[in-house]
Amino acid sequence: MARAPFELAGVEIAPGTRMQVDVPVAKLYTHAPLHIPVEVVHGRSDGPILLVCSAIHGDEINGAEIVRRLLRSSMLRAIRGTLIAVPIVNVFGFVQHSRYLPDRRDLNRCFPGSEKGSLGSRVAALFREQIVDQATHIIDLHTGAVHRTNLPQIRAQLAEGSQTDTMAAAFGAPVIIDAELREGSLRHYAQNRGIPVLTYEAGEALRFDEWAIVTGVRGVRRVMRSLGMLSEKRLRSKPRASEIANGSSWVRAPGDGIFRPQVRLGARVTKGDLLGVVADPFGNVENQVRADADGIVIGMSRMPLVNEGEALFHVARFDAIEEAESAVENLHPYFDPELNGGDA
């Protein structure tokens with residue numbers, strides 16, 4: 001029996017084909033229409049319906065490049081199931097280089113949304129009804145905020161033996177954080193409907209971080225293989241298993257001034273280690289920033305100008321810190337926070 005076409009926003013995509021669909025979302029002040037761009041790759045054989053989306057926060061652009069490279073993959077010619085790829089969800093914020101919608105709402109706090117609510121609520125409702133509710137699995141791509149970078153990591157609500165656990169392990173990011181669900185987020189909505197969902201965090205807003213993009217593309221492909229959507233690939237060496245953090249905390253600025261970090265993203269630190277220095281412009285007063293626990297630096301500020309209390313270093317704690325350090329080292333040779341450009 002032939003597989004049925006896939007329908008999105010009134011458009012039918014035949015089995016064994018792919019199509020770009022512009023989902024109407026709203027109009028600008030000028031009355032010009034605005035659309036959420038979507039590409040559907042509909043395989044000939046039955047299988048999962050995987051949604052890979054990015055830029056729910058409009059300034060988090062690494063995910064858009066991950067989606068672009070994923071769609072260029074020749075492996076998709078033999079896909080089983082259906083891939084729904086959405087490189088830019090928050091088109092308003094993306095155009096304005098902003099995390100938020102024009103009404104200053106965070107789209108990732110607006111789900112499930114309402115057709116009669118605020119702009120954020122209406123966009124969330126449209127994205128949910130037209131796209132999210134059709135998915136059986138979801139990978140949501142994010143980065144750190146402006147002037148803040150994240151080590152490649154998966155955030156998910158873990159439960160032993162669950163599909164979410166299987167997807168998280170397959171992705172192969174060095175760190176997995178068992179993260180609580182945030183009300184109003186896509187992950188909160190999907191997980192409560194029984195849709196396994198991963199949030200991938202890597203890199204910095206408004207920047208292309210090659211190491212974050214490469215890790216993301218490879219991770220999505222691994223998940224697709226684990227779901228049976230792509231043929232298994234023989235690897236010379238198996239990726240090192242991800243390590244699950246048993247907690248994390250932010251180390252904050254002890255005073256106002258100019259921030260000079262002394263460790264890099266992904267560094268292993270011991271409680272009491274010097275992480276950085278905050279000094280006044282003359283260097284007369286220097287405040288040391290020290291680790292408050294043993295762990296791995298999975299996020300850090302990139303802004304040299306700080307006020308007292310600002311978050312500077314995100315340190316994750318692990319039961320087996322040596323294994324966690326090895327998982328981070330496994331990102332080499334392409335893990336380099338200063339590397340940009342290239343393709344995968």
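## Report on a predicted model: loops, helix contacts and a pocket

Pro112 is found in the loop that runs between helix H2 (91-96) and helix H3 (119-130). The structure described here is a predicted model. Phe111 and Pro112 are joined by a cis peptide bond, with omega at about 5 degrees. A second backbone feature occurs in the loop between strand S1 (6-8) and strand S2 (11-13), where Ala9 lies. Ala9 is a residue other than glycine with a positive phi, near 55 degrees. As background, most peptide bonds are trans, and most residues other than glycine have a negative phi.

### Helix H6 and its partners

Two helix pairs that involve H6 are set out below.

| Helix pair | Axes come within | Crossing angle |
|---|---|---|
| H4 (residues 163-171) and H6 (residues 210-226) | 7 Å | roughly 135 degrees |
| H1 (residues 62-71) and H6 | 9 Å | roughly 50 degrees |

Because angles of 35 to 65 degrees and of 115 to 145 degrees count as oblique, H4 and H6 are oblique to each other. H4 passes H6 in a right-handed crossing. On the H4 side, the contact is made by Met167, Ala170 and Phe171, while H6 contributes Thr215, Gly216, Gly219, Val220, Arg222, Val223 and Ser226. By class, the residues of this contact of H4 with H6 comprise 5 nonpolar, 4 polar and 1 charged.

H1 and H6 are likewise oblique to each other, and their crossing is right-handed. From H1, the residues in the contact are Asn62, Glu65, Ile66, Arg69 and Leu70. From H6, they are Glu210, Ala212, Ile213, Val214, Gly216, Val217, Val220, Arg221 and Met224. The contact of H1 with H6 divides into 8 nonpolar, 2 polar and 4 charged residues. Gly216 and Val220 of H6 appear in the contact with H4 and also in the contact with H1.

### The second largest pocket

The second largest pocket holds about 680 Å³ of space. Its lining consists of 25 residues, of which Arg99, Arg109, Arg155, Arg182 and Glu201 are the closest to the centre of the pocket. The classes represented in the lining are 11 charged, 10 polar and 4 nonpolar residues.

Several strands take part in this lining. At least two residues each are supplied by strand S7 (137-142), strand S8 (148-156), strand S9 (175-178), strand S10 (197-204) and strand S12 (247-252). The largest share of the lining, 3 residues, comes from S8.

Technical notes
Residues are numbered from 1 along each chain as its sequence is written. This is a predicted model: local features need pLDDT of at least 70, side-chain atom pairs count only at pLDDT 80 or more; totals for chains, interfaces and linings use all residues. Side-chain values use heavy atoms; hydrogens and water are left out. On a 1 Å grid over the protein atoms alone, a cavity is a set of points where a 1.4 Å probe fits but cannot get out, and a pocket is an open set with protein on both sides within 12 Å along at least five of seven lines; lining residues have an atom within 4 Å of a point. Grid points are joined across faces, edges and corners, and a volume is the space filled by probe spheres set on the points. Helices (H or I, at least four residues) and strands (E, at least two) are DSSP runs, numbered from the N terminus. Ala, Val, Leu, Ile, Met, Phe, Trp, Tyr, Cys and Pro count as nonpolar, Asp, Glu, Lys and Arg as charged, and the others, Gly among them, as polar. Axes are lines fitted to C-alpha atoms, for helices over the stretch in contact, and angles run from 0 to 180 degrees between N-to-C directions. A crossing is left-handed if the near helix is turned anticlockwise from the far one by less than a right angle, and right-handed if clockwise. Contact means heavy atoms within 4.5 Å.
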